Amino acid sequence: MSSEPTRVLIAEDEALIRLDLKEMLEEEGYVVVAEAGDGQAAVDRARELTPDLVILDIQMPVLDGLAAAEQIASDRIAPVIVLTAFSQRELVERARDAGAMAYLVKPFSKNDLVPAIEVARARFLEISALDGEVRTLEERLEARKVVEKAKGRLMADEGMTEAEAFRFIQRTAMNERTSMKALAERILATDAAAVEGPPA
């Protein structure tokens, strides 16, 4: 009994790369719901279809991939993965600032694509869960920072994976009817074992 397949929107101005990407995704069981050749079309289709994931090339006409990523991320439509032919540090940072959850440098293989998708979706769910707790953008960024640090502490002290650390914070906060930020602050103030033992 598998869950619904992940619906993906692809935006890439080179038809050949778009076709390759679509084939890779479909072979892995993803459903490509739409394709776009420019950034503006990608934003419009994303708003219309609300896919589970958007993959954007950085270099595109009309609206570049970073500007499109920014709009899709700020509307909280879906996690965004950015594709680029460049691995320049500055572009990675611009992509992250634009709200991209993961980053792929061309040429990439299926082995690069699937983990990037899983990371992007997991990070998007984490951020959505956190953002549900706070109102202003400033509080949101502050909460994310504290939770990131607390995850790092749990990973180092308890040997948890990033996903396990986030689930631990989320579950413990729910059980204690407190916010994830408040719990994260406690984890950072004490050693993690004092909060609760590692998950069974």
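**Exercise 1.** In this predicted model, work out what share of the residues in the protein is buried.

*Solution.* Begin with the chain, which counts 200 residues, and then take the part that is buried, which makes up 41% of them. The cut-off applied here is a relative accessible area under 20%. Turning next to the surface, the protein exposes about 10600 Å², and carbon and sulfur atoms supply 51% of that area.

**Exercise 2.** Describe which secondary structure elements the protein has and in what order they run.

*Solution.* First take the totals, which come to nine helices and five strands. Then follow the elements from the N terminus on, where they run β-α-β-α-β-α-β-α-β-α-α-α-α-α. As for the overall form, the radius of gyration is 18 Å, close to the 16 Å that the globule rule gives for 200 residues, so the protein is as compact as a globular protein of that length. Its C-alpha atoms fill a box of roughly 55 × 35 × 30 Å along the principal axes.

**Exercise 3.** Determine which way the side chains of strand β5 point, and how β5 is joined to strand β4.

*Solution.* Start with β5, residues 102-105, along which the side chains alternate. A102 and L104 point to one face and are buried, whereas Y103 and V105 point to the other face and are not buried. Next consider β4, residues 80-84, which runs parallel to β5 and is joined to it by four bridges. Finally, place one residue across from another: T84 stands opposite V105 in β5.

How values were computed. Residues numbered from 1 in each chain as written. Predicted model: local features only at pLDDT ≥ 70, side-chain atom pairs only at ≥ 80, totals over all residues. Heavy atoms only, no water. Helix = DSSP H or I, 4+ residues; strand = E, 2+ residues; numbered from the N terminus. Rg over C-alpha atoms; globule rule 2.2 N^0.38 Å. Buried < 20%, exposed > 50% of the residue type's maximum accessible area, 1.4 Å probe, protein only. Areas by Shrake-Rupley, 256 points an atom, 1.4 Å probe, with all protein chains shown as cover. Pairing = 2+ DSSP bridges.
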